[in-house]
Amino acid sequence: MAGVSFKDVAKRYGEVSVIEGLNLEIRDHEFMVLVGPSGCGKSTALRMIAGLEEISGGAVSIGERVVNDLPPKERDVAMVFQNYALYPHMSIRENLEFGLKIRKTPKPEMNRLVNDAAEILGISHLLERKPKQLSGGQRQRVALGRAIVRKPAVFLFDEPLSNLDAKLRVQMRSEIKKLQQRLGVTSVYVTHDQIEAMTMGHRIAVMKDGKLQQLGTPLEVYDRPANLFVAQFIGSPPMSFLTATLEADGESLSGDGFKLPVPRSLRPVTAGKGGLQLQVGLRPDHVLSPESPSRGETARIEVKVELVEPLGNEVIVHSRLGEHSLVYRLPPQHTPESGALMPVVVELDSLHLFDARTEQRLSA
Ligand SMILES: Nc1ncnc2c1ncn2[C@@H]1O[C@H](COP(=O)(O)OP(=O)(O)OP(=O)(O)O)[C@@H](O)[C@H]1O
Ligand SMILES: [Mg+2]
């Protein structure tokens, strides 16, 4: 097995730059998720590891070896795609054997590898069927099986679940995670779905416009988004933002329809920055009904409820505060009426402060 590294990697198509200055170390045994909106260069990065795209600058290494000029079949990687076309006329067993036959694997070895993979994936009883006799989830497991039987140093996944329905996606997402834990194979998983990224990765790399925005564990990225883009992208329901000015003394934030004190925990961050224009980020988790217990320093504000979405275990409330919209969740017993004015409590220590101009997180 092996880690994967990108050093100053660039990808250009003629004049068009798709990836720039990408530096990323994926550790041996790690499950790394590349996440970002459509077109940000995730698949391109993955395909450069696989050898399916030429590298325009910098170096991609697998283990100790720079692989820039190595043909795909010599890279010891296995890729699972969104369109995992199985050969329709072959049985599942033959589908699983296909790559091994090409590599001239001896028959007994091949049987062992296929039976082991089928066992791991729970598809042993399906080996003699044809693909069309399988459900979508079972077919996806066969596609994973084709990658597993090769015992590669690195697994590459490109949105492998996006053709499945919502329920099956959730199930397969935990299956892939368990599989990776069990096999310990270094894995790079591409998705545009931030929930998939949060739930599956040891670490996640958030990308935008071909540039790495932040690298960290799911909780690091959730708790301390490095910039406005990451703050908006990660989290569901998403963070709300208030446009604010930091008062001259650095001790309060004011904007249309609100004034909030800066809590002691954030004073080192705001000190000496009076007058700065900010975007204040507020996760739904830190806006509470006054009846709920709260942590740390708090402030009370009044919002106008616009829309209530009941989910059974909680309600999502869309509200208005001056010109801003504010989304939060409440326990179902506190469900407000649409149109009502509602007092809410804000946990101030959990505010996220971003410089409105640079869009970077404010730091001390
Ligand atoms: N052959 C090409 N010539 C020029 N530009 C290309 C070419 N292939 C891809 N691109 C551009 O490279 C960018 C990155 O593409 P890529 O497929 O890596 O995005 P992605 O993050 O995987 O998006 P998605 O989530 O939609 O799959 C896109 O803007 C795309 O238009
Ligand atoms: Mg893609």
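# Reading a two-domain predicted model

Guide: In this predicted model, the domain assignment divides the chain into domain 1, covering 4-227, and domain 2, covering 240-355. The centres of domain 1 and domain 2, taken over C-alpha atoms, are separated by 39 Å.

Visitor: How many helices and strands does the chain have, and what are the spans of its C-alpha trace along the principal axes?

Guide: The chain has nine helices and 20 strands, and its C-alpha trace spans about 75 × 45 × 35 Å along the principal axes. Of its 364 residues, 35% count as buried, and residues 24 or more positions apart account for 67% of the contacts with a separation of 6 or more.

Visitor: Why is R103 called exposed?

Guide: A residue is exposed if 12 or fewer other C-beta atoms lie within 10 Å of its own; R103 has 9 C-beta neighbours inside 10 Å, and therefore counts as exposed. R103 sits in the loop between α2 and α3, and its C-alpha atom is separated by 48 Å from that of P237, which is 134 residues away along the chain. Just after α2, K104 takes a positive phi of about 60°.

Visitor: Which residues of helix α2 are buried, and what covers them?

Guide: In α2, residues 92-102, the buried residues are I92, R93, N95, L96 and E97. The elements that cover these buried residues include α3 (107-121) and α4 (136-148).

Visitor: What makes β1 and β2 a pair of strands?

Guide: Two strands pair if at least two bridges are found between them, and strand β1, residues 4-13, is joined to β2 by seven bridges in the antiparallel sense, so the criterion of at least two is met. One of the facing positions is Y13, which stands opposite V16 in β2. These two strands belong to an open sheet of four strands in the order β2-β1-β4-β5, with antiparallel pairing.

Visitor: What makes β2 and β5 the edge strands of that sheet?

Guide: Both β2 and β5 (65-66) are edge strands because each pairs on one side only.

Visitor: Which strands form the sheet of five, and in what order?

Guide: The open sheet of five strands has the order β15-β19-β16-β17-β18 and antiparallel pairing. Its edge strands are β15 (287-288) and β18 (324-330), each of which pairs on one side only. Within this sheet, β16 (residues 298-310) and β19 (residues 341-347) pair over seven bridges in the antiparallel sense, with E347 in β19 as the bridge partner of T298.

Visitor: How do you know that strand β14 is mostly covered, and with which strands is β14 joined by bridges?

Guide: A residue is buried if 20 or more other C-beta atoms lie within 10 Å of its own, and five of the six residues of β14 (residues 277-282) are buried, so the strand is described as mostly covered. Strand β11 (residues 240-246) pairs with β14 in the antiparallel sense over six bridges, and here S240 stands opposite L282. Strand β20 (residues 352-355) also runs antiparallel to β14, to which four bridges join it; in that pairing G281 stands opposite H352.

Visitor: What makes the largest nonpolar core one that lies between the domains?

Guide: That core has 87 residues, of which L34, I49, V154, L156, V188, V206 and V280 touch the most other members. Domain 1 and domain 2 both give residues to this core, so it lies between them. As for I49, leaving aside its neighbours within four places in sequence, this residue is in contact with V4, V60, V77, V154, L156 and V188.

Visitor: Which residues surround ligand 1, and which element supplies the largest share of that shell?

Guide: The residues around ligand 1 are Y13, V16, V18, G36, S38, G39, C40, G41, K42, S43, T44 and H192. The largest share, three residues, comes from α1, while β2 (16-26) and α1 (42-50) each supply at least two residues.

Visitor: How many residues of that shell are nonpolar, polar and charged?

Guide: The shell around ligand 1 has four nonpolar, seven polar and one charged residues. Gly counts among the polar residues, so G36, G39 and G41 of the shell belong to the polar class.

Note on methods. Residues are numbered from 1 along each chain as its sequence is written. Chains are lettered from A and ligands numbered from 1 in the order in which they are written. This is a predicted model: local features need pLDDT of at least 70, side-chain atom pairs count only at pLDDT 80 or more; totals for chains, interfaces and linings use all residues. Domain bounds come from an automatic or database domain assignment. A residue is near a molecule or strand if its C-beta atom, placed from the backbone, lies within 6 Å of it. Two residues are in contact if their C-beta atoms, placed from the backbone, lie within 7 Å. A nonpolar core is a set of buried Ala, Val, Leu, Ile, Met, Phe, Trp, Tyr and Cys residues joined through C-beta atoms within 7 Å.
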